[in-house]
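Notebook open, viewer loaded. I want to jot down what I look up as I go.

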Amino acid sequence: MEQKITKDNILKDCMNQVRQSAILLILGILIGYLLLMIAYLLPVEKMQENLSQSINVLTEEQEYHKVISGYNSTQLDNFTDSWMLGIAVYNNYLPIWERALTCISADYGNGPLNGLVCYLSEPGGINEEIEYTRYWHGYLVILKPLLLFFNYADLRVLSMMLNILLMFVVFNTFKDMGFEKEAWGYIVAVLFMMPVVIPLSIQFSVMFYLTNIALWILLKKHDQIVKKNGMILYFQIIGMATSYFDFLTYPIASLGVPMVCLFLLDSDNTLWSKIRKIVYLSISWGFGYSAMWAGKWVLSTLILRDNVIVNALSQVLLRSSHIQNGEKISTIDTWIRNLEFYFEKPYLILIVICFIVAIIGIYKNRKLLVYIIIDAFPFMLIAAMPFAWYTFAEQHSYEHHWFTFRGLMTSVFACTCICARLYRTKSNSENSLKQGYRQGDK
């Protein structure tokens, strides 16, 4: 009788979770659409005026400027930034509910930068229009209001300030919670993203903000989220927000980095429990990410009466294919192409230092080697997430490796946290490692 009740309770909990996830998804789609309509109500004349003041920044750099010559990891994506800005300042006379879905910009040929320059020089002139319907373009909710007060150069400086401030806040929060060594591991992980470039490109900044804000909220509100049994919904929200705001840059960081943090905070040390959490929280994030994105396609198809779903799915198939410019690419080629940015001498020095630190830590705890492996295993699974993503989105990760490599922040953070756990006091290290092993046996 007890077993029947237990099964019924499990089924009831599952159905309740599914219902909550479905409600959250529907609310997310509706709220996201409403926010975009509100953003499109803002007048664009002042945005155009402000952007015109600094359009020379983009024209001087052109579409793929390298901040440090010879380092592809410092390449900016002014091509996509021009497209984002062009959508933000474009004015048309479609109903507001259509503008929020079509995300139209001016097209004069020769790419979005040329289209933006030509449009700003004569906003009322004759031009072609190009729709970009398959993405949510949620960044417009923030970008449009900012352009009312700042030009593009201002946005870069402002973003640089906010990036540094956000890193400082996350670092300090780690330290305040007793994770001093993990805090430095976080800094090392950020260094592997080539952080000097991120605030100079709107395209790269969106994912950086989202990942770090999700990480900081988890650090501050972990106990409340767990108490309300809301971790599954929290990771679904992260996935939905990633789909809404991001332009397919390095979305896997928004899953992996908070998950590393979760296992630092988690009081449940059983190995099987951690593996199970990795699986179902990844599924929750993946559901939020894909379902939110699909929601845009369905909404656009219904309202615009245009088969956006077919166009979007064709792009998904292209980006996940194994073909690049008519030639077959392998998974290993894609992995190496994303890792190659770390073959430069400065990063190799950093890698060697981290490796030495890890070897020393393992030697100090050599009598606990079995416990170390068991404790590290969940972190290593998380570290593998970017490679799983590169395998799934193979063509995209191969072609755009010069920014998709930043997803490896997840791998670096997971590995540095493994090292950090080796450098606690000997008694604390032994107790924590053995506790996880013994609870795993139970």
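My entries below go from confidence to charged pairs, rings, the core and one last residue.

**Confidence**

I started with how far to trust the coordinates, since this is a predicted model. The protein chain averages a pLDDT of 89, and 92% of the residues score at least 70. Where is confidence lowest, and where highest? I found the low in helix α22, residues 426-441, with a mean of 47. The high is in helix α7, residues 140-147, at 97.

I then looked up two stretches with pLDDT below 50. Residues 1-5 are one of them, and beyond near neighbours in sequence they have zero contacts in the model. Residues 425-429 are also below 50, and that stretch has three contacts beyond its near neighbours in sequence.

**Salt bridges**

How many salt bridges does the count come to? I get four. I noted three pairs in detail.

Glu-49 pairs with Lys-46, and their closest N and O atoms are 3.6 Å apart. Both residues sit in helix α2 (residues 45-53), three residues apart, which is about one turn of the helix. I checked exposure too: Glu-49 is partly exposed at 44% relative accessible area, and Lys-46 is partly exposed at 37%.

Next I took Asp-266 and Lys-277, whose side chains meet in a salt bridge at 2.3 Å, N to O. This pair links distant parts of the chain, 11 residues apart: Asp-266 is in the loop between α12 (253-265) and α13 (271-304), while Lys-277 is in helix α13. Buried or exposed? Both Asp-266 and Lys-277 are buried.

The third pair I wrote down is Asp-375 with Arg-421, at 2.8 Å from N to O. Here the partners are 46 residues apart, with Asp-375 in helix α17 (residues 369-383) and Arg-421 in helix α21 (residues 409-422). Why do I list Asp-375 as buried? Its relative accessible area is 12%, and the cut-off for buried is under 20%. Arg-421 counts as buried as well, at 13%.

**Aromatic pairs**

I ran the search over the whole structure and got 34 aromatic pairs. I picked out two.

For Phe-204 and Phe-403, the ring centres are 5.8 Å apart and the planes stand at 45 degrees, so I logged the pair as tilted. Phe-204 is in helix α10 (residues 202-227) and Phe-403 is in helix α20 (residues 401-404), so the pair ties together parts that are 199 residues apart in sequence. Both Phe-204 and Phe-403 are buried.

Tyr-289 and Trp-389 are edge-to-face, at 6.0 Å centre to centre with 85 degrees between the planes. They also link distant parts of the chain, Tyr-289 being in helix α13 and Trp-389 in helix α18 (residues 385-392), 100 residues apart. I have Tyr-289 as buried at 8% relative accessible area, and Trp-389 as buried at 12%.

**Charges over rings**

I looked up two of these. Lys-144 lies over the face of Tyr-40, at 4.5 Å from the ring centre. The charged end of Arg-337 sits over the ring of Tyr-398, 4.2 Å from its centre.

**Nonpolar core**

Which residues touch the most other members of the largest nonpolar core? The core has 124 residues, and my list of top contacts is Leu-85, Leu-143, Phe-174, Tyr-186, Phe-235 and Met-259. Helix α10 gives the most to this core, with 11 residues.

I followed Phe-174 further. Leaving out residues up to four places away in sequence, Phe-174 touches Phe-179, Glu-180, Ala-183, Tyr-186, Leu-215, Leu-219, Leu-264 and Phe-413. I noted that Tyr-186, one of those contacts, is also on the top list for the core.

**Ala-414**

Last entry. Ala-414 lies in helix α21, and at 0% relative accessibility I count Ala-414 as buried. What does Ala-414 touch, not counting residues up to four places away in sequence? I found Val-260, Phe-379 and Ala-383. I also checked Ala-414 against Glu-182: they are 232 residues apart in sequence, and 9.6 Å apart in space from C-alpha to C-alpha.

Key:
Residues are numbered from 1 along each chain as its sequence is written. This is a predicted model: local features need pLDDT of at least 70, side-chain atom pairs count only at pLDDT 80 or more; totals for chains, interfaces and linings use all residues. Side-chain values use heavy atoms; hydrogens and water are left out. pLDDT is the predictor's confidence in each residue, from 0 to 100. Helices (H or I, at least four residues) and strands (E, at least two) are DSSP runs, numbered from the N terminus. Contact means heavy atoms within 4.5 Å. Buried means under 20% relative accessible area, exposed over 50%, partly exposed in between (1.4 Å probe, protein chains only). Rings of Phe, Tyr and Trp (its six-membered ring) pair if their centres lie within 6.5 Å; planes under 30 degrees apart count as stacked, over 60 as edge-to-face and the rest as tilted. A charge sits over a ring if NZ of Lys or CZ of Arg is within 6 Å of the ring centre and within 35 degrees of the ring normal. A nonpolar core is a set of buried Ala, Val, Leu, Ile, Met, Phe, Trp, Tyr and Cys residues joined through side-chain atoms within 4.5 Å.
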